[in-house]
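Visitor: Could you take me on a close look at the salt bridges in this model? I'd like to know which residues pair up and where they sit.

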Amino acid sequence: MEGPARRLVQNSRVTSTFPRARRNRLGYDIDEVEEFLAEARSAYTAEPGAGALDAERIRHTAFSMRKGGYAPDHVDAALERLEDAFANRERDAAIQTAGDAAWYGQARDTAQVLLDRFVRPPGHRFTRVSWFTVGYATKEVDALADRIANYFQTGQPVTIEEIRTSVFHAQRGGYQESQVDAVLDAATRTILAVR
């Protein structure tokens, strides 16, 4: 791990440099952010008694909102760097255990499963909710699915940040949100595994 992510893990005092939201604006709860980053530091440096922490848990971390808290954009960027650092370490450990061929073979198999879903006809790539229920806008999800499919097929660039920060409008009869979220999460893990 290099650069700012390394400093966040090694020295939780660096987190005090996160800009704060204005007093009347919501930001992330400062104590929760500080506590999480201290936990991340302990886990990364394998301090005795440190809890288990992995890239997936970092990806799903959420903080309470408080007026005058840390500016979310800055904390989110730091969490992305931490996730990358933990994902790289997990990949390296798995490669040492199983070997390069097994690790990349598993990533390739997962990529193929994802690609098979992403190349389905538009509007049919995920389960649709009933017309009386709101889901993700199909055209927006399909557009991102096309970009990810192009990445897996031809190597056209798509960034982890694009996938992580994707937001879709609501649509009656749209795609089931939990399924889309799970598949995009798997795409994120797969891309992190091979880069």
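Guide: Let's start with a term we'll need: a residue is called buried when its relative accessible area is under 20%, exposed when that area is over 50%, and partly exposed in between. Keep in mind that what you see is a predicted model. The structure has 11 salt bridges, and we'll visit some of them.

Begin in helix 8, which covers residues 177–194 and holds both D185 and R189. Their side chains form a salt bridge at 3.0 Å, N to O. The two are 4 residues apart, about one turn of the helix. R189 comes out as partly exposed, at 36% relative accessible area, while D185 is buried, at 10%. This pair isn't on its own: through shared partners, salt bridges join R59, E80, E83, D84, R164, D185 and R189 into one network.

Two members of that network, R164 and E80, make a salt bridge at 3.9 Å, N to O. R164 belongs to helix 7 (residues 160–164) and E80 to helix 4 (residues 72–98), so their contact ties together parts that lie 84 residues apart in sequence. With 18% relative accessible area, E80 is buried; R164, at 22%, is partly exposed.

Now hop over to R125 and D146, whose side chains meet at 2.8 Å, N to O. This pair also links distant parts of the chain, 21 residues apart: R125 is in the loop between helix 5 and strand 3, and D146 is in helix 6. R125 is buried, at just 5% relative accessibility, and D146 is partly exposed, at 34%.

Note on methods. Residues are numbered from 1 along each chain as its sequence is written. This is a predicted model: local features need pLDDT of at least 70, side-chain atom pairs count only at pLDDT 80 or more; totals for chains, interfaces and linings use all residues. Side-chain values use heavy atoms; hydrogens and water are left out. A salt bridge is a side-chain nitrogen of Lys or Arg within 4 Å of a carboxyl oxygen of Asp or Glu. Buried means under 20% relative accessible area, exposed over 50%, partly exposed in between (1.4 Å probe, protein chains only).
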